[in-house]
Amino acid sequence: MDQPSNKIKFTLITLFIGTLIFFGLDLFLGSVHIPFHKIVSILFGHAPEKESWQIIIFQSRLPRAFSAVLCGSALSVCGLQMQTLFRNPLAGPYILGISSGAGLGVAIFIMGISFLGISATGINIPTNEGIIVASILGSLGVLAILLSVIKRLKDIMTVLILGIMIGSVITAIIGIIQYFSHDAQLKSFIMWTMGNLNAVTNDQLMLLTPIVFIGVTLSFIASKNLNAYLLGEAYAKSLGVNIKRSRIVIILITSVLTGSITAFCGPIGFIGIVVPHLARMLSNSSDHRILTPLTVLLGINILLISDIISQLPGLDQNLPLNSITSLIGIPFIIWIILKNKKIANLN
Amino acid sequence: MSKSINISALNIGYDKKNILTNINLTSNEGKMIGVFGRNGQGKSTLLKTISGLLPPISGQFYFDKINVLALSEKERAKLLSIVSTTQSGIGAITVKDYVAFGRFPYTNWLGINKAKDYQEINKAIELCKLQDFANRNYDELSDGEKQKVNIARAIAQNTPLIILDEPTVHLDLINKVEVFKLLKELVKTHNKTVIISTHQMEYALQICDEIWLINEGKVESLSPSEIIEKEKLTALFNDDLIHFDKASQSFRLK
């Protein structure tokens, strides 16, 4: 448990190399063909052959690939922490309605403010910061509701059903907000719900990068406590874990990560559930000190691959990223349920 | 030297609802203490409270002159460890790693074990005779084996006090006796204080030094011979179905 085995070291290195390869592929693929060596030379600051290439790389492809990295690491780590915290193998930010909560925050921010007769720019709220704060508050709200009832709901499936209910209620509320909002706002909101790494600007990345970096680092620091959670709360407490404090820290990390990612990339489903399971299967370990870095790297790889699929050659338009992650994720989740017969009795 | 136990004016329960009130127990010699009582009388509540898992409504618990309930989780984890019924579905954790959780209060932020920690882990594994399956997954073990692993984890935690809440539930006869004998050995040769709640009263009377008897909202401390002489167990069940036979020291059907 203390020294990662050679197999795990090898897996980590392979995934790191995978990250570099898929990052490169993500930069390379797109509707405009730019030779790979040109991309490298542009990245190293050499003058491009065509002006437009530099713009495509720096304004579109690089931010997009970086968003995939941030998104993949943040959502996967959130899923890992929530699965341990809720003692539920099917927990994740999307399925438990946390992403929906973030969506409600964003919907209120994008459309609701005008619904109240004020325009966001009119009252001078910086849009990026506003969206992120609204989104984080939304996810925090849903997590707080889930945690307040979780003590009474011992059964895993009940918690999931509750998460889906919360998601439906939120969809209904968003529907009402949409009904009253203007066309332009509606369109920007609908685009947002499809999950889109393309829309992330460099300004937003400057905001997102430190948040994700700090969140993922704190998640790693929380590994020791998360390990103790595996034995159940009573044993964790008897081993010296301050349950209340560590629970609040984990909730804050997951809400801030899910909220801020969802704010700019839209709701991206199922990465949070699937990746931690893949990490456990690859490492045959439940140790969060191993699982956290493994989950981060796997998440990055899978999101880069999903993003590459979403812009396969021959397509003028990008496919919605959320559809790709759902198509990859849902069969995997069904497989987890079928494989794990005791899943409903895990508590 | 055994460590003194002093519980004074302790009121326990959930959400301000008293389950047991004004508990006063003093023990200077009792090293292995059995807690007896019928279901729902408050055995678990009492043990959870003195373990620090459940806040008391009011009152004190001193162990070795230390105010246990005023300690932080971290400090308390070096003073007492707990064992309750086994759990399952904890994931891919080997027996050795499970026992290593006992070192949790002593390791750094990343939980890295040092030589001293490994020494304690190995000692606990040997004491509980777990060498043969140290590398197997905890989830794959039988209930009896799991419970021994749990006890080994508590031993690795190296606390002077171990509190066990019905650790022998679900175990077969031999496993039950093994657990009791192991606990007695901890008390005798490793100078631990053990508090154990159990329905295995016939064995506990043979092995415990002191019994806390919970009956009709009262907790009293008695020696095993007093329990037998005063026919406390027949009174505890107060039932037409069974009585406790003094001569054979066992329950008989009426």
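Confidence in chain A of this predicted model averages a pLDDT of 86, with 90% of the chain's residues at 70 or more. One weak spot turns up at residues 343-347 of chain A, where the pLDDT falls below 50. That stretch still has 14 contacts in the model beyond near neighbours in sequence. Where pLDDT is low, though, the predicted coordinates shouldn't be read in detail.

Chain B works out at nine helices and twelve strands. Its C-alpha trace spans about 55 × 40 × 35 Å along the principal axes. The radius of gyration of chain B is 18 Å, and this agrees with the value near 18 Å that a compact globule would have with 254 residues. Of those 254 residues, 43% are buried. As for how chain B is wired up, take the contacts between residues at least 6 apart in sequence: 65% of them join residues at least 24 apart.

The domain assignment splits chain B in two: domain 1 takes in 30-56 + 67-79 + 161-254, while domain 2 covers 87-158. Their C-alpha centres sit 25 Å apart. Where the two domains of chain B meet, domain 1 puts in twelve residues and domain 2 puts in nine. On the domain 1 side, helix α6 (residues 173-190) of chain B gives the most, with four residues. Sorted by class, that side of domain 1 has seven nonpolar, two polar and three charged residues.

Then there's the largest nonpolar core, which has 154 residues. The residues with the most contacts inside this core are Cys71(A) and Ala74(A) from chain A, plus Val99(B), Ala152(B) and Val194(B) from chain B. Helix α3 (residues 51-85) of chain A is the top contributor to the core, with 14 residues. Domain 1 and domain 2 of chain B both give residues to the core too, so it lies between them. For a look at one of the well-connected positions, Ala152(B) can be picked out: leaving aside neighbours within four places in sequence, Ala152(B) is in contact with Val99(B), itself on the list of residues with the most core contacts. The other partners of Ala152(B) are Ala124(B), Ile125(B), Cys128(B) and Leu130(B).

Finally, the contact between the chains draws 23 residues from chain A and 24 residues from chain B. On the chain A side, α9 (223-229) and α10 (233-238) each supply at least two residues. By class, the chain A side breaks down into nine nonpolar, eight polar and six charged residues.

Methods:
Residues are numbered from 1 along each chain as its sequence is written. Chains are lettered from A and ligands numbered from 1 in the order in which they are written. This is a predicted model: local features need pLDDT of at least 70, side-chain atom pairs count only at pLDDT 80 or more; totals for chains, interfaces and linings use all residues. pLDDT is the predictor's confidence in each residue, from 0 to 100. Two residues are in contact if their C-beta atoms, placed from the backbone, lie within 7 Å. A nonpolar core is a set of buried Ala, Val, Leu, Ile, Met, Phe, Trp, Tyr and Cys residues joined through C-beta atoms within 7 Å. A residue is buried if 20 or more other C-beta atoms lie within 10 Å of its own, exposed if 12 or fewer, and partly exposed in between; C-beta atoms are placed from the backbone. Domain bounds come from an automatic or database domain assignment. Ala, Val, Leu, Ile, Met, Phe, Trp, Tyr, Cys and Pro count as nonpolar, Asp, Glu, Lys and Arg as charged, and the others, Gly among them, as polar. The radius of gyration is taken over C-alpha atoms; the globule rule is 2.2 Å times the number of residues to the power 0.38.
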